[in-house]
Amino acid sequence: MRPVIHAIAGTTAMLTIATFWTSTLVSELFLDQTAVVAVKHAIAVYGLVILVCAMGLTGSSGFALGKTRKGRLVEQKKKRMRFIGINGLLVMLPSALYLYSKSAVAEFDTLFYVVQVLELSAGLVQLFLMSRNFHEGLKLAGKLRSRPA
């Protein structure tokens, strides 16, 4: 049951970040400021709850699964997960809250856009690292075969 919970939580976290990233990019590039405010509000008020729960469940279930497994793939996943957690807590979460607070009062200044670029960049890093963990999780579960060297 733990592997299923881990897979569902990890997939939910990845899809949530991808949704944040895509919604932000579309609203910023193609829609008006009202849409940007709506996206920032949805992310800060609703989306972060989903993401934090999914990430917490992914981390705790992964930790539990990792207790019984050893090897290079498990160690790589653990190492990446530390960086994913730090990036999320120190860059993405504060950025999302800052951007929401600035958008709520229609302050779309230079600092807003600098933080926006930082958040989008950190989101791409998160998605890349999480996709690597996802891929290696499939290998560990026997769903993918390793390529011959």
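Okay, one bit of vocabulary before we start: a helix axis here is a line fitted to C-alpha atoms over the stretch in contact, and the angle between two axes is taken between their N-to-C directions, from 0 to 180 degrees. Keep in mind that what we're looking at is a predicted model.

So, let's go to α2 and α3. These two pack at an angle of about 165°, and their axes sit 10 Å apart. Since angles over 145 degrees count as roughly antiparallel, that makes α2 roughly antiparallel to α3. Which way do they cross? α2 passes α3 in a left-handed crossing.

Who's doing the touching? On the α2 side, the contact includes Val-37, Ile-43, Leu-48 and Met-55. Over on α3, you'll find Met-81, Ile-84, Leu-93 and Tyr-100 among them. And if you sort the residues of this contact by type, you get 14 nonpolar, three polar and two charged.

Now for α1, which runs over residues 2-30. This helix has 29 residues and reaches 41 Å from its first C-alpha to its last, close to the 42 Å expected. Which residues of α1 are buried? Among them are His-6, Ala-13, Met-14, Ile-17, Phe-20 and Glu-28. And what covers them? The cover includes α2, α3 and α4.

That brings us to α4, residues 110-140. With 31 residues, α4 reaches 45 Å from end C-alpha to end C-alpha, close to the 45 Å expected at 1.5 Å a residue. Then look just after α4: Gly-142 takes a positive phi there, about 80°.

That's my tour, thanks!

Technical notes: Residues are numbered from 1 along each chain as its sequence is written. This is a predicted model: local features need pLDDT of at least 70, side-chain atom pairs count only at pLDDT 80 or more; totals for chains, interfaces and linings use all residues. Side-chain values use heavy atoms; hydrogens and water are left out. Helices (H or I, at least four residues) and strands (E, at least two) are DSSP runs, numbered from the N terminus. The expected span of a helix is 1.5 Å times one less than its number of residues. Buried means under 20% relative accessible area, exposed over 50%, partly exposed in between (1.4 Å probe, protein chains only). Contact means heavy atoms within 4.5 Å. Angles under 35 degrees count as roughly parallel, over 145 as roughly antiparallel, 65 to 115 as roughly perpendicular and the rest as oblique. A crossing is left-handed if the near helix is turned anticlockwise from the far one by less than a right angle, and right-handed if clockwise. Ala, Val, Leu, Ile, Met, Phe, Trp, Tyr, Cys and Pro count as nonpolar, Asp, Glu, Lys and Arg as charged, and the others, Gly among them, as polar.
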